[in-house]
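Reader: Got a minute to walk me through this one? Put it up and I'll fire off questions.

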Amino acid sequence: MIRDRTTLIKIIIFYAIFIIFGSFVPFNVNQLTFGEAVQGFSDLNKFDFAIVNRSDWFTNFLLFMPITYLLLMVIQRSHSRLIRTLQLIFICAALLCISAGIEFVQFFLNDRVSSFKDVFAQFLGMLLSFMLYLFTRVKFIRLVNKLNRYGGKNKWISYANGTLAVLVIYSLMPLDLSVSPVEIFKKWQAGRITIIPFASFEFSINEGVFGIVSDIFLWGFITWLYIKSAKYQANYILKLCLMYALGIELAQLFVLSRYTDATDVVSAFIGIMIALKFFTAQHVSTQRNDVHNTQPNRLFSLYAQEAL
């Protein structure tokens, strides 16, 4: 389990960096002093939990769930209920401190809004993660052990399909769906549908660049997982990933609180092509080296059989 725990700790670190970095984009720092920020933070309504923007609320609800679940998995499980309760309290307290710190730092950013609604939504997500942990802990450990020790190349298929599944589910949250042409037209009028790639840059260049880089990295990572599996050809991987990217954007047409932007499809295509360009060649080269290294052994085996 030590090897599995090390892998989970690496995932936790990268995910924590993603949370903090994503919470501060696009880094438009204002001229607010530290004292003014402290005063503004203390003046926030700490008991206003009304849901105004469902998409934002669900995003915050889901944001801390993975890291809470993984932290519960990596800590040493005790047989004492008291110690397990204290562990849960410590994890939630530490993550809530991080959440509150993020909200405080956002006072220094022009394009960010600080609110304790985000902290409350994230806390509810932590509690749900704990409930999931209680019911799925054993199955999760078995899955990780199987993927890391016995999965071979098949584990990369599981990683890729799992990442795609999470991406699709997240992209359709908070499931405020509508097929009404009137609602979709209102979404178009509100600027939530962009057909021309990179046309949304006129609103915020920093956010646009961050979105493109994130999409390129995400789809490049998914493509790399499929390449590692050595199960599909490059053409099939390109078609599969590109169809998923296009399908997600088309599905988001019917999610009222989501943006549909052709830039995301173009960014996905760039990420897929970069991964195929660099990692496919390396994978083929590795396979060829394996073949050349094993060929003398096969010839020696044939000679031995003939000799016998």
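Author: What follows is a quick run through the fold, a cavity, a surface patch and a few residues, all in a predicted model.

Reader: Fold first. How many helices and strands does the chain have?

Author: There are 11 helices and 2 strands.

Reader: In what order do the elements run from the N terminus on?

Author: The order is α-α-α-α-α-α-α-α-β-α-α-β-α.

Reader: And what share of the residues counts as buried?

Author: The chain has 308 residues, and 35% of them count as buried.

Reader: Now the inside. How many cavities of 30 Å³ or more are there?

Author: The structure holds 1. Its volume is about 40 Å³.

Reader: Which residues line the largest cavity?

Author: The lining is made by Ala16, Ile19, Ile20, Phe64, Ile67, Leu95 and Ile98.

Reader: How does that lining split by class?

Author: It has 7 nonpolar residues, no polar ones and no charged ones.

Reader: Which helices each supply at least two residues of that lining?

Author: Helix H1, residues 2-24, and helix H5, residues 81-105, each do so.

Reader: Which element gives the most?

Author: H1 does, with 3 residues.

Reader: Switching to the surface. Which residues make the nonpolar patch?

Author: Phe269, Ile270, Met273, Ile274, Phe278 and Phe279 make it. The patch covers about 510 Å².

Reader: Take Met273. Where does Met273 lie?

Author: Met273 is part of helix H11, which spans residues 262-307.

Reader: Why does Met273 count as partly exposed?

Author: Because its relative accessibility is 35%, and partly exposed runs from 20% to 50%.

Reader: Staying in H11, what about Asp264? Is Asp264 buried or partly exposed?

Author: Asp264 is placed in H11 too. Its relative accessible area is 23%, so Asp264 is partly exposed. The cut-off for buried is under 20%.

Reader: How far apart are Asp264 and Asp215?

Author: In sequence, 49 residues separate Asp264 from Asp215. In space, their C-alpha atoms are 6.6 Å apart.

Reader: New topic, backbone. What is phi of Ala230 near?

Author: Phi of Ala230 is near 55 degrees. That is a positive value in a residue other than glycine.

Reader: Where is the place of Ala230?

Author: Ala230 is in the loop between helix H9 (205-229) and helix H10 (234-251). With a relative accessible area of 33%, Ala230 is partly exposed.

Reader: Last one, Ala245. Buried or exposed?

Author: Ala245 sits in helix H10. Its relative accessible area is 4%, so Ala245 is buried.

Reader: And what separates the C-alpha atoms of Ala245 and Trp219?

Author: They are separated by 8.5 Å. Along the chain, Ala245 and Trp219 are 26 residues apart.

Reader: Great, that covers my list.

Key
Residues numbered from 1 in each chain as written. Predicted model: local features only at pLDDT ≥ 70, side-chain atom pairs only at ≥ 80, totals over all residues. Heavy atoms only, no water. 1 Å grid on protein atoms, 1.4 Å probe; cavity = no way out; pocket = protein on both sides within 12 Å on 5 of 7 lines; lining within 4 Å. Points joined across faces, edges and corners; volume = space filled by probe spheres on them. Helix = DSSP H or I, 4+ residues; strand = E, 2+ residues; numbered from the N terminus. Nonpolar A, V, L, I, M, F, W, Y, C, P; charged D, E, K, R; others polar. Patch = residues over 30% accessible without salt bridge, like charges linked within 9 Å, V, L, I, M, F, W, Y side chains within 5 Å. Areas by Shrake-Rupley, 256 points an atom, 1.4 Å probe, with all protein chains shown as cover. Salt bridge = Lys/Arg side-chain N within 4 Å of Asp/Glu carboxyl O. Buried < 20%, exposed > 50% of the residue type's maximum accessible area, 1.4 Å probe, protein only.
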